[in-house]
Amino acid sequence: MDAQTSAPPPSRNGNNPITAVILALVMTVFVGYLFIWVMTPTNVYRQIWLPDIRVKANSTYFGAQGASFLIYTFPVLFIAALGCLYLHLAKKSRDNHLKGNGNKRLAIWKRPVIIKGLGVVSRIELAFFLMFIALLVWSFATYLRIGFANITLQSAAKSGEKVWEMKLETAALRLGLIGNVCLCFLFFPVTRGSSVLQLFGLTSEASVKYHIWLGHIVMTLFTAHGLCYIIYWAVTHNLSEILKWEKTGISNVAGELALLAGLVLWATTYPRIRRKMFELFFYTHHLYILFIFFFVLHVGIGYACIMLPGFYLFMIDRYLRFLQSRQRVRLVSARILSCETVELNFSKSRGLSYTPTSIMFMNVPSISKLQWHPFTISSNSNLEPEKLSVIIKGEGSWSKKLYHMLSSPTSVDRLDVSIEGPYGPTSTDFLRHDLLVMVSGGSGITPFISIIRELIYASETLKSKTPEILLISAFKHSQDLTILDLILPISGAPSQISNLSLQIEAYVTREKQPTTQQNKNIQTLWFKPNPSDAAITPILGRNSWLWLGAIISSSFIIYLIFIGILTRYYIFPIDHNTNKIYSSSSKSVLNILFICICIIITATTAFLWNKSKNAKESTQIQNMEGATPTASPNSWIYNADRELESLPLQAFLQTVNVHYGERPDLKRILFERKESSVGVLACGPKKMRHEVANICSSGLAANLHFESISFSW
């Protein structure tokens, strides 16, 4: 922490007794939850603990399902709801992400390491990865050891089967059980607004790779599970089992339908298919709904409660994103660069705040009604309280279409846009370093623009001591240098840049000298307002974490009430908790229906409540003049953009050194830095990021601290 920083307010470092108690409680429940998973395959759990819990939890309201709620569902939802409260209190800590008050122990765990096959991962991610692999190996080995121990020549002869046939059936069942373990964690990485991920210092954008890996593992295990059973039925002359849909217990047909949906989905997830036929990938990926539906019918709702928590949180997040995406947002202007890059500027409410390196997903129906693309936000919610900006480089077909649409002589005067987000880390900790070295390749500079603007705010408004900044940017062509002009905020002035100790070293790798006709002008395109468009607002208001926690807890409580009433007064009089009379499929369908209804009721209520609260502020911003060049001089957009265009840029240009025909010698540059603490950030091609991470982790310079960030463009 900087010596000149004032005493830290209560925050994530544990000085606040409330957050300390919450964190201790969350970690206690989390450790207990992991312990249950470790014990699940053992005889102690299955023969002693679980029967005892079922006896105590069994009631006329929940039946045998109550034990699954208690053991597997409740702990995760409790962690998620309590995590929302913790994150709310952390967010309320004044300027926590600027003051450098982050949890130092957590900061150590967030430091990245390079693992072959995994790439650059934080120590938290590595710890979870190793624990998960250990859990899979332990569970499968224990299941097989216990299962095979009960198979003898005598038991095989008694059942009229061979020993290897019984072992095949045992292995098939255990493969399904291990697949369910993976399925339990499959949806956590893609829950974008997850409090669970944020609680452990992770983000959905950086965790998507784990969803991909888990998806491959799940489908591999479930495919092997199905094939083993088919082979077993074939060799034992029981192929008729394939067509059985039992009234109670396991339904084979439902399992086969789930596997079929999963296989079709799986086939379209491979990179080549996803890139070339994105809309096919998009459509087929919605087969996860059928996959989960028939999976629940296959195993029954009691067993499905094991994987329910992750999917439950995903459903809440997905429905909230659906509600947000229905609203068209107010696109104010676009700054168009000659290097096939465009900056889109949206109107936003002052109540929407986000941290540097945050992303948002964007959809432009006139290009594709289905495609949603993530982009790193380049603006700063503190420095630019009524504007949100993203920079889009024309790298793919979608972004090229957008650029050509806006840069053509007959460009549009209005563009319908929908967004989801923003999403990002709960806090950042830039001020703890004496120097920030930012290494970017091409459009990888985007997240650094948001960081620089955050430091401008810290220096200008908070009067905080900011670290020196060395920005090293590599571009292919000199025309790409115009991206550097976007570092200046549209509402700011070069004088703000001069207050920072900023040095930019730009490298043009494919040109030996500047081009003779280098167009560096930025074209500004203004869009006509539409009364139906709205400023970007936080979907759950300023206290979004509290509202999310309320949705999680209240929806689950209402669900328990509905199911309790249904079971007590409808199912129990028929079945009497025997699970042998009332249809398992009907019970599963009713549970799924009530889950959906409860989530829709609570999430919609929270959304509409906050939408009405934000309506007044959004209307004020929407009605502000300045959407076109004929706006009144009092418009903040009008004045800001023209002020920027009219002011001399010498102060900013003095910070830029351009090197032609060479690449940056990153090893020399980094090792020459003698500051006591140097934060190193890298965004761009994978090879470049790994090179920077390798230099920092080589151990040759103790002052280099690699900071991993994700970006999208």
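1. A good place to start is the packing of helix 2 (residues 43-57) against helix 3 (residues 65-92): in this predicted model, their axes lie 8 Å apart at an angle of about 115°. That angle makes helix 2 roughly perpendicular to helix 3. If you look at the handedness, helix 2 passes helix 3 in a right-handed crossing.

2. The residues behind that crossing are worth selecting in your viewer. Helix 2 contributes Tyr45, Leu50, Ile53, Arg54 and Ala57, and helix 3 answers with Gly66, Ala67, Leu70, Ile71 and Tyr72. Sorted by class, this contact between helix 2 and helix 3 holds 8 nonpolar residues, 1 polar and 1 charged.

3. The next helix pair is helix 10 (residues 204-235) with helix 11 (residues 252-267), whose axes are 10 Å apart and meet at an angle of about 135°. That makes helix 10 oblique to helix 11. Here the crossing of helix 10 past helix 11 is left-handed.

4. For this second contact, the helix 10 side consists of His216, Met219, Thr220, Phe222, Thr223, Gly226 and Trp233. From helix 11 come Asn252, Glu256, Leu259, Gly262, Leu263 and Trp266. The class count for helix 10 with helix 11 is 6 nonpolar, 6 polar and 1 charged.

5. Turning to the sheets, one is an open sheet of 3 strands in the order 6-5-8, paired antiparallel. Strand 6 (373-376) and strand 8 (418-423) are its edges; each has a single partner strand, so one side of each has no neighbour in the sheet. On average, and with direction ignored, neighbouring strands of this sheet are turned by 25° against each other.

6. Within that sheet, you can follow the pairing of strand 5 (residues 359-363) with strand 8: the two run antiparallel and are joined by 4 bridges. As a handle for checking the register, Ile359 stands opposite Tyr423 of strand 8.

7. Another open sheet has 4 strands, in the order 7-4-3-12, again with antiparallel pairing. Its edge strands are strand 7 (387-393) and strand 12 (523-526), each of which pairs on one side only. Neighbouring strands in this sheet are turned by 20° against each other on average, direction ignored.

8. Strand 3 (residues 331-337) and strand 12 run antiparallel, with 4 bridges joining them. If you would like a residue pair to inspect, Ala334 has Leu525 in strand 12 as its bridge partner.

9. This sheet also has a helix lying across its strands. Helix 17 (residues 397-407) lies across strand 3, strand 4 (341-347), strand 7 and strand 12. Relative to strand 4, helix 17 runs at about 80°.

10. Finally, a single loop residue to look at: Glu675 sits between helix 24 (666-671) and strand 14 (678-683). The Glu675 side chain makes a polar contact with the side chain of Arg673, at 2.9 Å. Setting aside neighbours within four places in sequence, Glu675 is in contact with Asp434, Leu435, Glu468 and Asn703.

Terms used
Residues are numbered from 1 along each chain as its sequence is written. This is a predicted model: local features need pLDDT of at least 70, side-chain atom pairs count only at pLDDT 80 or more; totals for chains, interfaces and linings use all residues. Side-chain values use heavy atoms; hydrogens and water are left out. Axes are lines fitted to C-alpha atoms, for helices over the stretch in contact, and angles run from 0 to 180 degrees between N-to-C directions. Angles under 35 degrees count as roughly parallel, over 145 as roughly antiparallel, 65 to 115 as roughly perpendicular and the rest as oblique. A crossing is left-handed if the near helix is turned anticlockwise from the far one by less than a right angle, and right-handed if clockwise. Contact means heavy atoms within 4.5 Å. Ala, Val, Leu, Ile, Met, Phe, Trp, Tyr, Cys and Pro count as nonpolar, Asp, Glu, Lys and Arg as charged, and the others, Gly among them, as polar. A polar contact is a pair of N or O atoms within 3.5 Å; within protein, one must be able to donate a hydrogen and the other to accept it, and residues adjacent in sequence count only if both atoms are side-chain atoms. Two strands pair if DSSP finds at least two bridges between them.
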